[in-house]
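Thanks, everyone, for making time this morning. I would like to walk you slowly through one structure, so please have the sequence and the picture in view while I talk.

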Amino acid sequence: HYFIQSNLRTVGCCRSVPVEPSIMALMKRISSAIIPQSYQVCRHTIESRAAADASSGVMTSSDASSGHMTSPSPVATQSQNKLVDSFKRPHSYLRISITERCNLRCQYCMPLEGVELTPKPELLTTREIVELAQVFAGLGVTKIRLTGGEPLVNKDVIYLIESLKQIEGIDCVALTTNGLTLARSLPDLLKAGLDNVNVSLDTLIPQKFSFVSRRPESGLKKVLKGIEAALASPLKSVKVNTVVMKGVNDDEIQDFVRLTKNDPLSVRFLEFMPFAGNSWSNRKFIPYTAQIEAIEQRYGKLTRLRDEASSTSMNYSVEGHVGNIGFISSMSRNFCGGCNRLRLTHDGMLKVCLFGKDEVSLRDILRNTSLSQEEAHDVLCDVIRSAVLRKKFSHGGLEGIQSELHRPMILIGG
């Protein structure tokens, strides 16, 4: 029981304890025989933990009129080739951070003093990123988004997109960028096969851009040029992500909506979320309901659009506008019930929840020299499935995420 619960860590991940190949082969045969039964043995434990979480208020639920999803009963079953958690949520979307570096220093993402970068030998190589993507594709992942840091500072980003597009089962490769070099990079990105792009932009005022990003005002013009180029390109989707902070850019919400007037652009307003070093406080927080009120004061009643079950954004149309707007309410109205996302950090850690502290090293399994390629693949699949199966229903099981410390966003992947 303990062996399975620890996801083969004793054998597959511990570099400090050498394992003889013969012992490894024996353990693999044993684990192959008992894994199916172990899930049934653990069923009672999983259900008991879920019930305890529910009674402590971890799993949020309310009536249908509030718009929240009621947490379903956990079921510890999982298709062999799909990543389904104990609440029957399929996971088909993987966000991969391909760098911890960035050419901006945005306040909500990076601490003022900066971050200590992970030593290069501990980061995933480009080849390892592709290998892990192939494993996830075999487990049912169909969409991959490259993040950072700023992914466009990674010199291998074009090769990565080309490689990911060639993986069987991957239908969409997307990119989240600060847009600073997007206009220059776009031709190569399109040639590589990029499908969608999201641009992070928090102000339309040069002076504020410098304040928020801690970089020169001239950068704003470059970002706007990148968005314009993306809208004129064959990309399937172009979105702008705006983190709304009281006293910083809340007076620009209506101006951002104006960007959707004549272009098929989706502007999404994100509630300010707490991460290590970003000085989050209630004083800076504005719930999405207040944002809607501010928009309707100028543009009239918004029309709710039909969203995909796994959408993080509540989307609306504005009368007379070509594009649309959305609200990502991570703090005031979570969307955990339809979550289909997983995250892979640049140092090879799998995070099943953005706010969860639990991480599993896939890098160490990939680099375990005592495992053959086939064995490493099997162990990776087992570990990934088990991590997804343990995923909590809501916010990593944390009752008050605003009081928790996490990695800085730049080290997780935006």
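Let me begin with a charge and a ring: Lys143 lies over the face of Tyr93, at 4.6 Å from the ring centre. Please keep in mind throughout that what we are looking at is a predicted model.

There is another arrangement of this kind, in which Arg304 is placed over the face of Tyr316, with 5.3 Å to the ring centre.

Tyr316 also brings us to the aromatic rings, since ring pairs link Phe256, Phe269, Tyr316 and Phe327 into a cluster. How many aromatic pairs does a search of the whole structure find? The search gives 4 of them. One of these is formed by Phe87 and Phe393, which meet edge-to-face, with 5.4 Å from centre to centre and 65° between the planes. Phe87 sits in the loop between α4 (43-55) and β1 (93-97), while Phe393 sits in the loop between α13 (373-389) and α14 (409-412), so this pair ties together parts that are 306 residues apart in sequence. Are these two residues, Phe87 and Phe393, buried or exposed? Both Phe87 and Phe393 are buried.

Phe256 and Phe269, from the cluster, form an edge-to-face pair as well, with their centres 6.5 Å apart and an angle of 90° between the planes. Here Phe256 belongs to helix α10 (residues 253-258) and Phe269 to strand β6 (residues 266-271), so the parts tied together are 13 residues apart in sequence. Phe256 and Phe269 are, again, buried.

Let me now turn to strand β3, residues 172-177, where 6 of the 6 residues are buried, so the strand is largely enclosed by the rest of the structure. In a regular strand, side chains alternate between the two faces of the sheet. In β3, Cys172, Ala174 and Thr176 point one way, whereas Val173, Leu175 and Thr177 point the other way, and all of them are buried.

What about the neighbouring strands? Strand β2 (residues 143-147) runs parallel to β3 and is joined to it by 4 bridges, and within this pairing Leu146 stands opposite Leu175. Between these two strands the chain passes through helix α6 (residues 157-165), and this β-α-β crossover from β2 to β3 is right-handed.

β3 also pairs with strand β4 (residues 196-200), again in the parallel sense and over 4 bridges, with Asn196 in β4 as the bridge partner of Ala174. The chain goes from β3 through helix α7 (residues 182-192) to β4, in a β-α-β crossover that is right-handed.

Technical notes. Residues numbered from 1 in each chain as written. Predicted model: local features only at pLDDT ≥ 70, side-chain atom pairs only at ≥ 80, totals over all residues. Heavy atoms only, no water. Buried < 20%, exposed > 50% of the residue type's maximum accessible area, 1.4 Å probe, protein only. Pairing = 2+ DSSP bridges. Right-handed = clockwise from strand over helix to strand, strands pointing away. Phe/Tyr/Trp six-rings, centres within 6.5 Å; stacked < 30°, edge-to-face > 60°. Lys NZ or Arg CZ within 6 Å of the ring centre and 35° of its normal.
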